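Trainee: I should like to learn how to read charged and aromatic side chains in a model that is new to me. May we begin with charge?

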Amino acid sequence: MDEQALLGLNPNADASYRQRALAYFEQLKESPDAWQVCAEALAKGVYSNDHVKFFCFQVLEHQIKFRHGTLNATQQQLIRETLMKWLQLQLMSAQSEKVFIRNKAAQVFALTFVTEYLTQWPKFFFDILSLIGLNPRGVDLYLRMLMAIDAEVVDRDIQHSSEETRRNTLIKDRMREQCIPSLVESWYQILHSYQQSHSELTCQCLEVVGAYVSWIDLSLIANDRFVSLLLSHMSVEVLREEACDCLFEIVNKGMDPIDKTKLVESLCRVLQSAGFFNVEQEEDVDFLAKFSKLVNGMGQALITSWTKLVKTGDVKNAQEALRALEAKVALMLQLLVHEDDDISTNVVGFCYDYLHILKQLPILSDQQKSNVEAVMIAVMKKLTYDDEYNFENEGEDEAMFVEYRKQLKLLLDRLAQVSPELLLEAVRRVFNTTMQSWQTAPFMEVEVAIRLLYMLGEALPASQGAHFSGDSTKASALQDMMRTLVTCGVSEYQHTSVTLEFFETVVRYDKFFIVEPQHIPNVLMAFLDHRGLRHSSPKVRSRVAYLFSRYVKTLHKHMSAFIEDILNRIQDLLELSPPENGYPALLTSDDQLFIYETAGVLIVNSEYPVERKQVLMKNLLEPLLGAFKLLLGKLLLEQDEERQAGLADCLNHAVGFASRTSKAFSNKQTVKQCGCSEVYRDCLQTFLPALSCPVQKEALRSGVRTFLHRMIICLEEEVLPFIPSASEHMLKDCEAKDLQEFIPLINQITAKFKAQVSPFLQQAFMPLVQAIFEVLARPAEDNDQTAALEKQMLRRSYFTFIQTVVSSGMNEVMGNQELENIERVLFTIIQGAVDIPDPIAQKTCFIILSKLVELWGGKDGLVGFPDFIYKHIVPACFLAPLKPTFDLSDAQTMLTLSECALTLKMIHLKRGPEFIQYLQQEYLPSLQVTPDIIQELCQVLQQPDSKVLKNYIKAFFQRAKL
């Protein structure tokens, strides 16, 4: 071997040596017989360097994986001999190989096995077992091989081709017939011989048994001899975790429900008599985590047995399974309340499924009722935060607890289905007791009490949150608890978790305040003072801003008396905070959006006369407009790019806030009724100059564009005078993304105002189209995927724009353009339909063509257009589907084909027999279509039902593409 190249295998070698080693590896892989040097090196143990040994195995692995079929019988024999000689060397060696080499060797053995077991090497396992005997090093490699074979043949997480899946099935069948009993016997001997002397080998073997048990005959493992051995391992500290996993796999194996019940019961009897059910005395949480998983497996196995037996009507055995199950509930409950959440999590599945069984039973026994109560108490206890939870800096542990809480919520919901009365009573008891002494109770108890009240909202659902009507028991219990919550003073509790839970619950049950509106002022104060929007924690302030907007939206009708007071109290929270003032604002700009929306809702829905509403809305928005003018002036003078970005951000926030206030209006009617049209027109006049700002164009245009969208809804035709100049500015120096976002604005105007905007559209049409053409024509690098995607999206937007124009009945917009411009646009549509492999754009293009044929294809249409139909539209309908990129098995492409068929239908409708004659005598013969097919197609075209044509066209092109 090239010793110089091998030096490069050392991790610390310099780059040139590493490069040489890589080249040598490629050379050995590709050479038909150079790999034999590596085989010899392994068989004779020539090298002591670990990296060289690993390298040799890699070369061998490549041969087996990719070139086995090209090797002759002698070479294949050489691989088998090499592996066996290497294995023999390991048995005699004074020192074990490093783990990474043993794992790689096991992989190579496994690859050879899957390649040759069914053909050349049926005695693979017998050869290995007779060579290694009970030699510890040999056993270690044998067990690693078995796990590597499991990964190749059984592991469901690994994707296999259908050919590999078929091969793997054959391998498993052959193994079951020929060698599984011998393998199981070897496992028994290993477990028996090494349980005292080699715990790591015993653990490895238990892992192998767990892996193979899913597909071998269970009776080979689930028998007294084997199970007794496994259970004895449960008492050995270093073995018991693996033994637990192994027993779990045995219990998890699918089998007859009666046999499964017996198996679980026999395991439980031994485990119980050995003291494993005394969970409180066990201090090893790692073992308990494994044990709880086993208990969960046994519980779920019994539940599956019960379900199957009930389905088949075997009442006697179903009762037996249920009895066995009930006997495990006490153990499950012990694990569910364990202080370690991982242990508790592991039995949630068992608990959930058990409650599901109880839900199906017609009547619950006293014991079952007390089990339900015990689960309830356990869930309430485990929902509680512990002292270590870090609320200010939540990390991985905190995220895991949040996930765990979600699982407990599922249990609570299931409890509500089993016994809603019991749950309601239990929550009420905990809630009232805690609220009576909240001042002295630890925060976690207060939080969980309110949390439970909150969770009842989903556990006991009511349509549209109507918790306070209907079922009187539930309504009065919830009403009592809500009254206590808002009057007992707990909103003053000094802990963020309690504060947040208070506001979340108040908003969840906002309908309570419709029943008892007298509590609204106190809750409003909580929202507005140090408990809510002025809390010391930014996290609380942020969440409260959102919750406050929800609370006001539901209850604004009951707040008339407090509106001006509320607006005064939130005045300072509405201030735009410029980037340079240096003071940290109480709320982020995202939070302020909710406050602006809330202010808008209060003003618009108040009972004030129009004049007062107008004044209040002006007071709300005018400070924003003043600040906007000032900041825009600063931006135009600012040279520093970072400060420019900060100012542009701030300007955008101002536009966003103004836009958000308008969400209180449903349409133009409400804007007029409130006398607010003028103030929004002022906003437009203030914001539009930002479009001509030479710096930070993208950010500013985006904000103003969004505002215009909103104003089209709120001001309707009053917005139209602003559109021409806005469009002119937005089309200057624009990028693909700018245009793509501008087109929906024009589409919205076109679709909404139609003829009203026709003069403007006739003027703006070509400047917009030319701006699009110019951006699409810009060169981009071949591998710039972002640019390619932006162009694709812009192309789609362009076609959508043309579609909107022609579909709004304004054919004059295109018709009144200069002839060469009309032609240019028409050719882009033909190109989009045929040459661009984008089915979404193609579909739009065919819709446009169909519409144009409808508008201009008749006797009084556009001069010269019939000629265009025959020269370009008809060919497009046939050439597009014949393209190799037109995939007839793709759903989106099939929608394009439907539109293509409808275009042909429309041409026939407008041109009649002339079109049929053209197809029969000129066009279809030019495509070499046979006369009988031409006849067939023309007949289908003349049928009134377009569905027949769509189906025929699909078959027509499928045949044409064969």
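Mentor: A residue is called buried when its relative accessible area is under 20%. Please keep in mind that this is a predicted model.

Trainee: Where does E326 lie, and what is the nearest side chain of opposite charge?

Mentor: E326 belongs to helix α16, residues 315-336. E326 is buried and has no salt bridge, and the nearest side chain of opposite charge is R323, 9.9 Å away. A salt bridge requires a side-chain nitrogen of Lys or Arg within 4 Å of a carboxyl oxygen of Asp or Glu.

Trainee: With which side chain does E326 make a polar contact?

Mentor: The partner is the side chain of Y354, at 2.7 Å. Leaving aside residues up to four places away in sequence, E326 touches Y354, L358, Q368 and N371.

Trainee: How should I read salt bridges, and how many does the structure hold?

Mentor: Side chains of opposite charge can pair when their charged atoms come close. The structure holds 51 salt bridges. In one of them, R534 meets D572, with the closest N and O atoms 2.7 Å apart. This pair links distant parts of the chain, 38 residues apart: R534 is in the loop between α26 and α27, and D572 in the loop between α28 and α29. R534 is partly exposed, with a relative accessible area of 29%, and D572 is partly exposed at 37%.

Trainee: Where do D565 and R569 lie?

Mentor: Both are in helix α28, 4 residues apart, which is about one turn of the helix. Their salt bridge has its closest N and O atoms 3.1 Å apart. Salt bridges may also join into a network, as they do among D50, K53, E97 and K98.

Trainee: How many aromatic pairs are there, and how are their rings arranged?

Mentor: There are 50 aromatic pairs. One of them, Y117 with F125, is edge-to-face, with 6.4 Å between centres and 65° between planes. Y117 and F125 are both buried. The planes of Y385 and F401 stand at 45° with the centres 5.5 Å apart, so this pair is tilted. Y385 is in the loop between α19 and α20, whereas F401 is in helix α20, 16 residues apart.

Trainee: Which charged residue lies over the face of F287?

Mentor: That residue is R240, at 3.9 Å from the ring centre. R660 is placed over the face of F594, at 5.1 Å from the ring centre.

Methods
Residues numbered from 1 in each chain as written. Predicted model: local features only at pLDDT ≥ 70, side-chain atom pairs only at ≥ 80, totals over all residues. Heavy atoms only, no water. Phe/Tyr/Trp six-rings, centres within 6.5 Å; stacked < 30°, edge-to-face > 60°. Buried < 20%, exposed > 50% of the residue type's maximum accessible area, 1.4 Å probe, protein only. Helix = DSSP H or I, 4+ residues; strand = E, 2+ residues; numbered from the N terminus. Lys NZ or Arg CZ within 6 Å of the ring centre and 35° of its normal. Lys, Arg positive; Asp, Glu negative; His and termini not counted. Polar contact = N/O pair within 3.5 Å; in protein donor to acceptor, adjacent residues only side chain to side chain. Contact = heavy atoms within 4.5 Å.
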